[in-house]
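Here is a short guided walk through one protein chain. Keep the viewer open and turn the molecule as you read.

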Amino acid sequence: MYFRTDPPSDEAMAQYAELLSDANRSWPSYYTGPLPGDEPTHVEMFFWRGDEAGWIGDKSNFETARDLIRGVADERRTDTELSDEQVYECGGGSSAWDVAQLYVQVYEGGCPAECPGTHTEECRPGCDPYVDFCHGQECEGDCHGTQTFTPAFRTAVALAEYVKNDHPFLSEDDYHEQRRDVFEANLDEVLEDVKLHYPYDTEGDHRSIVEHASDALWELYHYEPDGYVDWDAARDAYDQGRSEHFLDLGRTVLRNEIPGQTALMPA
Ligand SMILES: [Zn+2]
Ligand SMILES: [Zn+2]
Ligand SMILES: [Zn+2]
């Protein structure tokens, strides 16, 4: 772990466990699929989506949390059987209609589905509550008190509470890396477009222009929190870099002046 989280309070644990009764936030359920009728076992702990309401920080936290939670589930194991079972991820998050969700199994232990419930001494030996008059309790999943929170769920709650109360990022480094990648991809796209406005510049000119404009272009990174690149601002920076480039080129031509070639100097 890159940081310390406090163990979550009992209140927080109970609050997230309660999501099991919210069909929109639990899995499997009528809303989240895939098998309506099954009792929900997992609750949604993290999500992200890629529309304009989305945020790179959510994606970064989602992915960082997922890896940490899976790691806890698989602790002291050589396979991923437990994390595959206890951590369920769905959706790719790439649009408003495609939300990525991370569901984590709340409980482990408890009674098997065919548990006959508890019995008292007044019960007939081998009492079957469906046939005999039973003095005990019918099983509601944990009649022997063996059910516990999964370590994965404890970790998930600790991480969710950390993001909520302490710090917006689980991993500052991961967030900045993701934001830089998005910015770079957007910048490449804008620069390819700006380049088309100067059809007579060569590839070499373009590379040199981008180099000259590099500081000004990366300045833009600090103004937009989500890796967005403003087209006009990028164009301004590019034009500035372009002037510098051709000025340099002009000086070079002058220095290496060859008779009859000063006409190469750009306007
Ligand atoms: Zn009984
Ligand atoms: Zn039971
Ligand atoms: Zn230069």
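Helices and strands here are DSSP runs, with at least four residues for a helix and at least two for a strand, numbered from the N terminus. With that in hand, Thr150 can be placed in the loop between β6 (148-149) and α4 (151-165). Please bear in mind throughout that this is a predicted model.

**Overall layout**

Let us begin with the fold as a whole. The chain holds seven helices and six strands, and their order along the sequence is α-β-β-α-α-β-β-β-β-α-α-α-α. Taken along the principal axes, the C-alpha atoms fill a box of roughly 115 × 35 × 35 Å. The radius of gyration tells a matching story: the chain has 30 Å, whereas a compact globule of 267 residues would have a value near 18 Å. Of the 267 residues in the chain, 36% are buried.

The domain assignment splits the chain into domain 1 (10-109 + 147-170), domain 2 (111-143) and domain 3 (175-256). Between the C-alpha centres of domain 1 and domain 2 there are 34 Å.

**The largest pocket**

Where should you look for open space? The largest pocket has a volume of about 650 Å³. Its lining counts 25 residues, and those nearest the centre of the pocket are Glu39, Cys111, Glu140, Gly141 and Gln147. By character, the lining residues divide into 12 nonpolar, eight polar and five charged. Both domain 1 (10-109 + 147-170) and domain 2 (111-143) take part, each giving at least three residues to the lining of this pocket.

**The zinc site**

Which residues coordinate the zinc ion (ligand 3)? They are His212, through NE2, and Asp248, through OD, at 2.0 to 2.2 Å. This pair links distant parts of the chain, with His212 in helix α6 (residues 203-219) and Asp248 in helix α7 (residues 231-255), 36 residues apart. His212 has a relative accessibility of 29%, so it counts as partly exposed. Asp248 is likewise partly exposed, because its relative accessible area is 32%.

**Backbone details**

Two spots in the backbone deserve a look. The peptide bond from Trp27 to Pro28 is cis, with omega near -5 degrees, and Pro28 is found in the loop between β1 (26-27) and β2 (42-48). Arg76 is not a glycine, yet it has a positive phi of about 65 degrees. You will find Arg76 in the loop between α2 (56-73) and α3 (81-86). Is Arg76 buried or exposed? Arg76 counts as exposed, because its relative accessibility is 80%.

**Two buried residues and their distances**

Now return to Thr150. Why does Thr150 count as buried? The cut-off for buried is under 20% relative accessible area, and Thr150 is buried because its value is 0%. Ala234, which lies in helix α7, is also buried, with a relative accessibility of 0%. Each of these two residues can be paired with another for a C-alpha to C-alpha distance, as the table shows.

| Residue pair | Separation in sequence | C-alpha to C-alpha distance |
|---|---|---|
| Thr150 and Gln178 | 28 residues | 30 Å |
| Ala234 and Asp22 | 212 residues | 46 Å |

Helix α7 thus appears twice in this tour: Ala234 lies in it, and Asp248 of the zinc pair is in it too.

Methods
Residues numbered from 1 in each chain as written. Chains lettered and ligands numbered in written order. Predicted model: local features only at pLDDT ≥ 70, side-chain atom pairs only at ≥ 80, totals over all residues. Heavy atoms only, no water. Donors = N, O, S within 2.8 Å, 3.2 Å for Na, K, Ca; no water. Buried < 20%, exposed > 50% of the residue type's maximum accessible area, 1.4 Å probe, protein only. Domains from an automatic or database assignment. 1 Å grid on protein atoms, 1.4 Å probe; cavity = no way out; pocket = protein on both sides within 12 Å on 5 of 7 lines; lining within 4 Å. Points joined across faces, edges and corners; volume = space filled by probe spheres on them. Nonpolar A, V, L, I, M, F, W, Y, C, P; charged D, E, K, R; others polar. Rg over C-alpha atoms; globule rule 2.2 N^0.38 Å.
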